[in-house]
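Subject: Structure for you to look at

Dear colleague,

I am handing over the structure below, and I would be glad if you could read through it with the notes that follow beside you.

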Amino acid sequence: FIVCALLLCLVPCVRGWGVVGHQTVAEVAQMLLPQTINDKVTIILKGKTMKDVAVWADQVRYQKGWKWSFPLHFVNTPHGICDFDFTRDCKYGNEPGMCVVNSIVNYTSQLPSGTIASKLNVSVSDNDNLSPEDIAMRFVIHFVGDIHQPLHAGFLQDLGGNTINVSFYKTPDNLHSVWDDGMINRMINKTFNNDQEGWVQQIYKRITAGEYKSKVAQWKQCVNGTDLDCTGLYANESVGYACVSAYECENRGCSEEKIVNGSYIGSAYEKQALPVVNLRIAQAAVRLAAILEEKLS
C-alpha cells in the first residue's frame, strides 16, 4: 500500500460515473430487488437507501484512513489493447490485485449470507464506526457501477481518458469526465427537464418492459460477485466499449475518428455514445441487484 500512496499524487480524479450515474444504478437496482432482500439491505445500511450511499466510496477515498481505496475503483489496459487480462491488468504500481475487478469479489465476499442479525441495525454517522457489513455493501454498490463505466477500464497511458483534454461542445473538459458527468447531465437537462428521477424511471421501464427486457437473462448469466470470471467479464465489456465508443467515433459522422487532445465532442459523438451510457447503467443495475440477491439470500 506504500506504493499506492505514492502513486496517488500522480493520478487525476477518477470518479467512475458521476453522482447522478451512481445514484441511478443504485436506485434502479434497489427497485429490482425482492422485498426480502431489500429488508436485509436496509438493515445492513442502517436505514439508508442504496441511493443514499452510492457515492460514499468516492467521498472517502481522499480522506485520511481511506486513501488506500483509490485504486480499487478502476482497472487499466495497455494502450490500444481492447481486452482485459487479470494478471496483466489488475494491479496498481507493484501491488497485484489492486483493481475494481478484484475489489468487487473482495467486498461481496464480506457481505453476510442468510439471516442478518438485527443488532446490525444501529445508527451511526461516523465513517470510522461503520460496521464491516455496511462498508462492504457501500463498496459493492459503488464498484459495480464503476466497472460498467467504459473508461474505468480504459488505457493506462491516458489514465482512462483523464489526460485527454477535449472540448465538450464549448466547455473545456477531459474525456473521462465527459463520460462520468457531461453527457449524462446534458441528457437529463434536455430530455427530462433536469429531473434525475425521470431518467431512473426510464431505465427501470426499459429493463422491466422495454427494449432491455429480452436481454436481462443474458446479463444475469454471470452474477456471482465472488467470482473473478464474472467481474472480469464486466471489465472486458467495458474496455471493448471504451475502444469502440469512447476513444473512437469512426464512420459515425464525427469530425474526428480518434479522440485525442484537443478533440471536439458534440452531437455526433453523443449520438453514438449515449446509447452505450444507457446500456451500461442498465446492465450495472441489473447485475448489482442480482449479485445482492444471490449473496444475501
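I begin with helix α12, of whose 30 residues 24 are buried, so this helix is largely enclosed by the rest of the structure. Helix α12 covers residues 267–296 and reaches 43 Å from its first C-alpha to its last, which is close to the 44 Å expected at 1.5 Å a residue. There is nevertheless a bend of about 35° in α12 at A273, and a proline, P275, follows within four residues.

Please keep in mind that this is a predicted model. The pLDDT of the protein chain averages 91, and 90% of the residues score at least 70. Two stretches call for caution: over residues 1–12 the pLDDT stays under 50, and the model has 24 contacts beyond four places in sequence for them. The pLDDT is also below 50 over residues 119–124, a stretch that has 10 contacts in the model beyond near neighbours in sequence. Where pLDDT is low, the predicted coordinates should not be read in detail.

I then turned to the cysteines, where a search of the whole structure finds three disulfides. One of them joins C82 to C243, with an S to S distance of 2.0 Å. This pair links distant parts of the chain, since C82 lies in the loop between α4 (56–60) and α5 (86–89) while C243 belongs to helix α11 (residues 228–246), 161 residues apart. The torsion about the S-S bond of C82 and C243 is about -100°, so this disulfide is left-handed. As for the surroundings of its two ends, C82 is partly exposed, with a relative accessible area of 37%, whereas C243, at 8% relative accessibility, counts as buried.

Another disulfide is formed by C90 and C99, whose sulfur atoms are 2.1 Å apart. Its S-S torsion is about -100°, so the disulfide of C90 and C99 is left-handed, and both of these cysteines are buried.

The remaining disulfide pairs C222 with C230, their sulfur atoms being 1.9 Å apart. Here the torsion about the S-S bond is about -90°, so the disulfide of C222 and C230 is left-handed, and both C222 and C230 are buried.

With best wishes,
A colleague

Methods:
Residues numbered from 1 in each chain as written. Predicted model: local features only at pLDDT ≥ 70, side-chain atom pairs only at ≥ 80, totals over all residues. Heavy atoms only, no water. Disulfide = S-S within 2.5 Å. Helix = DSSP H or I, 4+ residues; strand = E, 2+ residues; numbered from the N terminus. Buried < 20%, exposed > 50% of the residue type's maximum accessible area, 1.4 Å probe, protein only. pLDDT = per-residue confidence, 0-100. Contact = heavy atoms within 4.5 Å. Expected span 1.5 Å × (residues − 1). Bend = angle between axes of the 7 residues up to and from the residue.
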